[in-house]
Amino acid sequence: MSIIRSFEQIEDALRHSTQQDEYILDGTLVIEEYIDDGEEYSVEVLTTNGRHEVLAITTKEVVMPYFIEAGHLLPAPLKMEDREAIQETVCSLLTSIGHLEGPSHTEIKLRRGIPYIIESHTRYGGNQIWDMVRLTTGVNMQRATVCHLLDIPYVKEKVKYPFCCIKLLLPQVEGKVVIMSVNGVNEAEHMDGIHRISLDVGEHSELVPATSNKNYIGYFLGGGSPPEEAAASVEHALSLIRIETASIQQVQSI
């Protein structure tokens, strides 16, 4: 995704979008109004027999200019009236499209108390949101859906954390580089409040500047209470990771 603020930016935005070829199924691009202010959330719903149960509302940390999701906090700290407005809007949407069974993931922006729907999918949320829902509500959306469709009993799991926070790792580089070493992972994994650390890179992996969620290199997932504590645990663990890199030219000269 790209944001367009002038006619001069249209060509670059189209070029960027068409480069993300695995996301374009039929060559169609969507251009829509950008809601410039307000907070962004995702809404995780499980529907059975046409009845929608909102399991969680998640805050979203987004990195511009390509709208790359960099983190989530679940459940989102919201005023009751804002929570109710979001739930009503999303459930009305799901009813209007005839969604009867299974999970859904809807992204919205809340501007001055009014929810604006950005996009919606009849699937559970990615970026480990489905697991954050399980850890904070005890509901495994995949298992619950299958059990309902097969008409067999489903038992919720024990809630592990009141709040979950995830940080999605993106390369902080200006050009293509090679990882020379990764340190601090073992120490970070054994910190209180850390549920799981996943790194998809290691020594000799190449990194490029992040332009989409194709460029994720891992995540840090933690939990606790209050929400600030869950977020602080993840941030502290992240600060322990040291990734040393070198430019392609430097590596070739070694």
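Is Cys165 buried or exposed? With a relative accessible area of 4%, under the 20% cut-off, Cys165 is buried. This residue is one small stop on a tour of a predicted model, and the tour is easier to follow once the whole chain has been introduced.

The protein chain is built from seven helices and eleven strands. Along its principal axes, the C-alpha trace spans about 65 × 50 × 35 Å. How does the radius of gyration agree with that of a compact globule? For 254 residues, a compact globule would have a value near 18 Å, and the protein chain has 20 Å, which agrees. Of these 254 residues, 43% count as buried. The surface that the chain exposes comes to about 14200 Å², and carbon and sulfur atoms supply 51% of that area.

Contacts along the chain add to this picture. Among contacts between residues at least 6 apart in sequence, 67% join residues at least 24 apart. As for charge, the chain carries 20 positive and 37 negative side chains. The centres of these two sets lie 4 Å apart.

The cysteines can now be taken up again. The count of disulfides in the model is zero. Cys165 is accordingly in no disulfide, and the nearest cysteine sulfur, that of Cys164, is 8.6 Å away. A disulfide would need the two sulfur atoms within 2.5 Å, so this pair does not qualify. Cys147 is another buried cysteine, because its relative accessibility of 9% falls under the 20% cut-off.

The backbone offers some details worth a closer look. Most residues other than glycine have a negative phi, and most peptide bonds are trans. Where, then, does the model contain cis peptide bonds? One cis bond joins Met64 and Pro65, with omega at about 10°. Pro65 sits in the loop that links strand 2 (51–63) to strand 3 (68–74). A cis bond also runs from Leu74 to Pro75, where omega is near -5°.

Pro75 itself belongs to the loop between strand 3 and helix 2 (80–96). Its relative accessibility is 24%, so Pro75 counts as partly exposed. Beyond its neighbours within four places in sequence, Pro75 is in contact with Ile57, Pro162 and Phe163. Pro75 can also be compared with Pro103, which is 28 residues away in sequence: their C-alpha atoms are 17 Å apart in space.

Positive phi values provide the next examples. Asn127 is not a glycine, yet its phi is positive, at about 55°. This residue lies in the loop between strand 5 (114–121) and helix 3 (129–137). Asn127 counts as partly exposed because its relative accessibility is 23%. Asp151 also has a positive phi, near 55°, and is a residue other than glycine. The loop that holds Asp151 runs between helix 4 (141–149) and strand 6 (163–169). Is Asp151 buried or exposed? At 70% relative accessibility, over the 50% cut-off, Asp151 counts as exposed.

Two further residues show how positions in sequence relate to positions in space. Tyr34 is found in the loop between helix 1 (10–19) and strand 1 (39–48). With a relative accessible area of 31%, Tyr34 is partly exposed. Which residues does Tyr34 touch, leaving aside its neighbours within four places in sequence? Its contacts are with Ile3, Arg5, Met64, Phe67 and Lys109. One of these, Met64, is also a partner in the cis bond to Pro65. Tyr34 and Ser2 are 32 residues apart in sequence, while their C-alpha atoms are 10.0 Å apart.

Pro115 gives the second example, this time from within strand 5. Its relative accessibility of 15% is under the 20% cut-off, so Pro115 counts as buried. When neighbours within four places in sequence are left aside, Pro115 is in contact with Ala85, Ile86, Thr89, Lys109 and Leu110. Lys109 therefore appears among the contacts of both Tyr34 and Pro115, where contact means heavy atoms within 4.5 Å. Pro115 and Gly193 are 78 residues apart along the chain, and a distance of 32 Å separates their C-alpha atoms.

Technical notes: Residues numbered from 1 in each chain as written. Predicted model: local features only at pLDDT ≥ 70, side-chain atom pairs only at ≥ 80, totals over all residues. Heavy atoms only, no water. Helix = DSSP H or I, 4+ residues; strand = E, 2+ residues; numbered from the N terminus. Rg over C-alpha atoms; globule rule 2.2 N^0.38 Å. Buried < 20%, exposed > 50% of the residue type's maximum accessible area, 1.4 Å probe, protein only. Areas by Shrake-Rupley, 256 points an atom, 1.4 Å probe, with all protein chains shown as cover. Lys, Arg positive; Asp, Glu negative; His and termini not counted. Charge placed at Lys NZ, Arg CZ, Asp CG, Glu CD.
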